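Work through the exercises below with the sequence and the model open. Each task is followed by a solution in steps.

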Amino acid sequence: MIENNKYSELFNKQKANQFHIGNTSSKQRIDKLNKLKKALEVTYKQDIREALFKDFKKPQLETDLTEIYPVIDEINFVKQNLKSWLKREQVGTPLAMLGSTSYIVNEPKGVCLIISPWNYPINLTFGPLVSAIAAGNTVILKPSEMTPNTSKVMARMVANLFDENDIALVEGEVETSQELLKLPFNHIFFTGSPAVGKIVMKAASEHLTSVTLELGGKSPTIIDDSAHLEKAVQKIIFGKFTNAGQTCIAPDYVLINETIKDEFITRFKNQIIKDYSENASDSESYCRIVNKKHFKRLVDALEDAKSKGAVVDSGGNFNESDTYMEPTLVSNLTEDCTLMKEEIFGPILPIKTYKTLNEAVDYINSNEKPLALYIYSKNKKQTNFVINNTRAGGTCVNHNLLQYLNHNLPFGGSNNSGIGKSHGHFGFLEFTNQRSLLKQHTIGAVDLLKPPYNNWKQKMVDLTIKWF
Ligand code: NAD
């Protein structure tokens, strides 16, 4: 029994319930997922849209496309596959162990904690929950305090849909997260910044709790001299300014062949007007920075770059009362400015030129491994050169963000951008312990080799090493 923690009672109740939940059938788990699906699709859809609009003026279409749809799609994918994922898988047994049969049993990890960020609060709280339910775990959810209206809707949903001994949502600030992190969870699934990821991993190490860390960082976009520039600009603007750049896999900065930089800037300016009008603050397709703290962080980073000689090629306006920041393109940046050192997580796009692809690749490799790396190119050889000579959590060629939406692909980072993978079968496995099971039916060869050892047994071992 865990005591003396604000959440020990809830934790203990879930722990006591874990075998009941872990022994549920695929049908029972799918019933739970269907309840969540209906809540997202029908019962709470309008509440979610309104809450996200209150939190940071997120346009309704973006809420439907980037918050509701991915979770529903994840649920549908799980529903199609869960039965086969839960099957005991028979695997081969070496001849030396003749008389035995071997299996992999996918058992739930147990009591899990999911801590989520504010930038896609519905998607990044309920997405991992879908995988945790599929795997048969009990779950405590802790969403971000920075989108309070959305957290409140999620709290109502969870309380109405589920028994808290099975799935519970705890609202609260950083202290809440820290209190929860003291508990001996069987798995922690964290989505957030690399800095907090380190705090989570340290806390998890106290109990040797396994972790999935879905983190962030700077995701580069390479545009080579063969790229279809018009399309590249359109797609980069979509990827960067959806959610006003507050997306973990948004293109953080552009690395462009120096011969096409000016054309990129001209096309960028024209496309921004087409997508968001002359004044993006009037556009109903453009959201706001989540709060004053993040707004100030972005303004400071822009001012810092300008003070060091950066040129604002497009945009650059902002308005504190509305936490509005215009879609902004900046060039001529020095390496010591915040925009080139830290994840931007906002609507500012730095553009940096290169002469050779080698130079571009070296620059990427001199930084932390990115969560996403994007390449715009029509040249297969150059595309493969970049893929083969860099490391990244995921890559999309001639587009961005789309790698996130295919549940057949693992989603996650590498080292600084994350540990472990989510989505589809990868998400299910993250919340699962692959338990090995070997059943012996008859006396096996190994049993003949127990002490006392003698020459005959030594010969048997020699033969085994040589032939089996
Ligand atoms: P964050 O790390 O500040 O917060 C995430 C969660 O951790 C919140 O619930 C918060 O309450 C909690 N938290 C914050 N400080 C804590 C502390 N000291 N101890 C314990 N818990 C703490 O991240 P954020 O600002 O909400 O989100 C932005 C970051 O998340 C960016 O770096 C972004 O790239 C990353 N992100 C990654 C993904 C992904 O899937 N890889 C998705 C979205 C966002």
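## Exercise 1: Domains

The centres of domain 1 and domain 2, taken over C-alpha atoms, are separated by 30 Å. The model is a predicted one.

**Task.** State which residues make up each domain, and how many residues of each are in contact with the other.

**Solution.** Start with the division of the protein: domain 1 covers 8-215 + 419-434, and domain 2 covers 220-412. Then turn to the contact between them: 27 residues of domain 1 meet 27 residues of domain 2.

## Exercise 2: Nonpolar cores

**Task.** Describe the largest nonpolar core and say which helix gives the largest share of it. Then list what L36 touches.

**Solution.** The largest nonpolar core holds 109 residues. Within this core, the residues with the most contacts are L36, L40, F126, I223 and F264. Its largest share comes from helix α5 (residues 121-135), which supplies nine residues. Domain 1 (8-215 + 419-434) and domain 2 (220-412) each contribute at least three residues to this core.

Next, take L36. Leaving out residues up to four places away in sequence, L36 touches I75, F126, L129, V130, M157, L161 and F162. Another core, of 21 residues, lies apart from the largest one, and L180, F185, V200 and A203 are among its members.

## Exercise 3: A helix pair

**Task.** Decide how α3 is oriented relative to α6, and break down the residues of their contact by type.

**Solution.** Helix α3 (residues 45-56) packs with helix α6 (residues 148-161) at an angle of about 155 degrees, and their axes are 7 Å apart. Angles over 145 degrees count as roughly antiparallel, so α3 is roughly antiparallel to α6.

The contact residues are as follows:

- From α3: D47, I48, A51, L52, K54 and D55.
- From α6: P148, N149, T150, V153, R156 and M157.

Sorted by type, the residues of this contact comprise six nonpolar, two polar and four charged.

## Exercise 4: A glycine in a helix

**Task.** Is G239 buried or exposed? Where is G239 placed, and which residues does G239 touch?

**Solution.** G239 sits in helix α9 (residues 229-241). Its relative accessible area is 0%. The cut-off for buried is under 20%, so G239 is buried.

For its surroundings, leave out residues up to four places away in sequence: G239 then touches A250, P251, N400 and L401. As a distance check, the C-alpha atoms of G239 and I249 are separated by 8.3 Å, while the two residues are 10 residues apart along the chain.

Note on methods. Residues numbered from 1 in each chain as written. Predicted model: local features only at pLDDT ≥ 70, side-chain atom pairs only at ≥ 80, totals over all residues. Heavy atoms only, no water. Core = buried A, V, L, I, M, F, W, Y, C linked by side-chain atoms within 4.5 Å. Buried < 20%, exposed > 50% of the residue type's maximum accessible area, 1.4 Å probe, protein only. Helix = DSSP H or I, 4+ residues; strand = E, 2+ residues; numbered from the N terminus. Domains from an automatic or database assignment. Contact = heavy atoms within 4.5 Å. Axes fitted to C-alpha atoms, helices over the stretch in contact; angles between N-to-C directions. Parallel < 35°, antiparallel > 145°, perpendicular 65-115°, else oblique. Nonpolar A, V, L, I, M, F, W, Y, C, P; charged D, E, K, R; others polar.
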